[in-house]
Amino acid sequence: MDQRHINEKGMSMLVTALFIVGETAGGGLIALPTAILSTGALTGAFLLLMAALICTYTGFLLAENWTILQELYPEYRDHCRKPYPAMGLRAVGPKFAHFVSAILQVTQFGTAVVFVLLAAKNGENMLNANFDTHVSFCFMIIVVSLLVFPFTLPKSPKDFWYAVVAAMVTTTVSVILIIVGAWKDYEVCQKEVFYPPINVQKTLMSFGTIMFSYGGHCAFPTIQHDMKKPHQFSKSVSIAFLVVFIFYLPVSMSGYLVYGSSLSDSIIPSIQLIKRCLF
């Protein structure tokens with residue numbers, strides 16, 4: 001008989017998969033084309049696939065780990081705010097739990113800084129391109145931080161499921177717009193596009209960017225905990241990373257093939273949508 005834990009009011013497998021996509025995809029969409037510039041198209045596509053497989057497998061391991069923890073220790077079937085330290089506690093002991101917590105805090109802080117800076121830069125570019133308005137980048141950082149802050153207050157993922165819908169919609173729209181914008185520029189830009197030679201050192205650095213774009217594991221146990229059937233989290237992970245890979249590959253290849261060496265840190269400023277291409 002299956003004795004695995006079930007949450008009566010938890011999220012379904014599909015909603016959980018969408019949550020992972022919304023939590024994972026985003027920054028990689030605009031940064032990956034530049035990373036592919038250093039690796040070349042074929043190597044870049046291979047690294048994108050390998051990163052997706054690696055992250056899917058590690059997601060499986062985390063899912064199994066938390067499932068075992070809930071089976072052996074019933075106290076983790078209720079809300080748990082610190083699942084990773086709980087794993088460290090049961091695996092090694094209290095000192096390791098504190099170590100895991102410290103590492104997690106540093107990682108999350110660094111990730112948050114990257115995304116705040118990225119969002120602020122995108123906001124600055126959007127206002128400049130669409131409204132011919134220049135807003136200080138530093139001011140945009142403050143604005144973005146204030147806008148994001150309320151979403152950090154809910155207790156757990158199931159308390160702001162609506163963010164899943166918003167994240168999925170905006171991510172999907174972004175993918176479509178980037179691909180359409182890039183290929184509208186293709187006819188003009190292909191005449192002057194230049195692809196730099198592959199550099200081994202830069203390729204290794206680009207792999208770091210690719211792995212970062214799939215990053216989201218820090219939140220996995222928390223998301224899994226809020227599922228109706230937490231033991232099905234591995235299925236959600238499979239669906240999520242397949243969707244993320246489908247998002248990332250065409251955006252990366254479009255940016256690389258159309259703009260080549262003219263790409264900056266983000267693909268967005270490269271999209272011209274006019275009958276010329278800046279190199």
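Me: Taking a salt bridge to be a side-chain nitrogen of Lys or Arg within 4 Å of a carboxyl oxygen of Asp or Glu, how many does the structure hold?

Reply: The structure holds two salt bridges. This is a predicted model, in which local features need pLDDT of at least 70 and side-chain atom pairs count only at pLDDT 80 or more, whereas totals for chains, interfaces and linings use all residues. Residues are numbered from 1 along each chain as its sequence is written, and side-chain values use heavy atoms, with hydrogens and water left out.

Me: OK, which residue does Lys121 pair with?

Reply: Lys121 pairs with Glu124, and the closest N and O atoms of this salt bridge are 3.4 Å apart. Both residues belong to helix α5, which covers residues 94-131, and they sit three residues apart, about one turn of the helix. Helices here are DSSP runs (H or I, at least four residues; strands are E, at least two), numbered from the N terminus.

Me: And is Glu124 buried or exposed?

Reply: Glu124 counts as buried, at 11% relative accessibility, while its partner Lys121 reaches 40% and counts as partly exposed. Buried is under 20% relative accessible area, exposed is over 50%, and partly exposed is in between (1.4 Å probe, protein chains only).

Me: What about Arg90, which side chain does it meet in a salt bridge?

Reply: The side chain of Arg90 meets that of Glu75, with an N to O distance of 2.8 Å. Arg90 belongs to helix α4 (residues 83-91) and Glu75 to the loop between α3 (41-72) and α4, so this salt bridge ties together parts that are 15 residues apart in sequence.

Me: How accessible is Arg90, and how accessible is Glu75?

Reply: Arg90 is partly exposed, with 34% relative accessibility, and Glu75 is also partly exposed, with a relative accessible area of 42%.

Me: Switching to helix packing, how close do the axes of α4 and α5 come, and at what angle do they cross?

Reply: Their axes come within 7 Å and cross at roughly 150 degrees, where axes are lines fitted to C-alpha atoms, for helices over the stretch in contact, and angles run from 0 to 180 degrees between N-to-C directions. The helices α4 and α5 are therefore roughly antiparallel to each other. For reference, angles under 35 degrees count as roughly parallel, over 145 as roughly antiparallel, 65 to 115 as roughly perpendicular and the rest as oblique.

Me: How does α3 pack against α10, then?

Reply: The axes of α3 and helix α10 (residues 233-259) are 10 Å apart, and the two helices pack at an angle of about 165 degrees. That angle makes α3 roughly antiparallel to α10.

Me: Where does Tyr256 lie, and how far is it from Ala182 in space?

Reply: Tyr256 lies in helix α10, and its C-alpha is 9.6 Å from that of Ala182, although the two residues are 74 apart in sequence. Ala182 is part of helix α7 and is buried, with a relative accessible area of 0%, and Tyr256 likewise counts as buried, at 8% relative accessibility.

Me: How far from Thr56 is Tyr256?

Reply: Those C-alpha atoms are separated by 25 Å, and along the chain Tyr256 and Thr56 are 200 residues apart.

Me: Back to α7 for a moment, what separates Val169 and Gly22, in space and along the chain?

Reply: The C-alpha atoms of Val169 and Gly22 are 8.9 Å apart, with their positions 147 residues apart along the chain. Val169 is found in helix α7 and counts as partly exposed, at 49% relative accessibility. Another residue in α7 (residues 162-189) is Tyr162, which is partly exposed with a relative accessible area of 43%.

Me: Which helix holds Gly28, and how far is Gly28 from Tyr84?

Reply: Gly28 is in helix α2, residues 27-39, and it is buried, with a relative accessible area of 5%. Gly28 and Tyr84 are 56 residues apart in sequence, and their C-alpha atoms are 25 Å apart in space.

Me: Last one, about the backbone: what is the phi of Asp132?

Reply: Asp132 has a positive phi, about 50 degrees, although it is not a glycine. Asp132 sits in the loop between α5 and α6 (137-148), and at 68% relative accessibility it counts as exposed.
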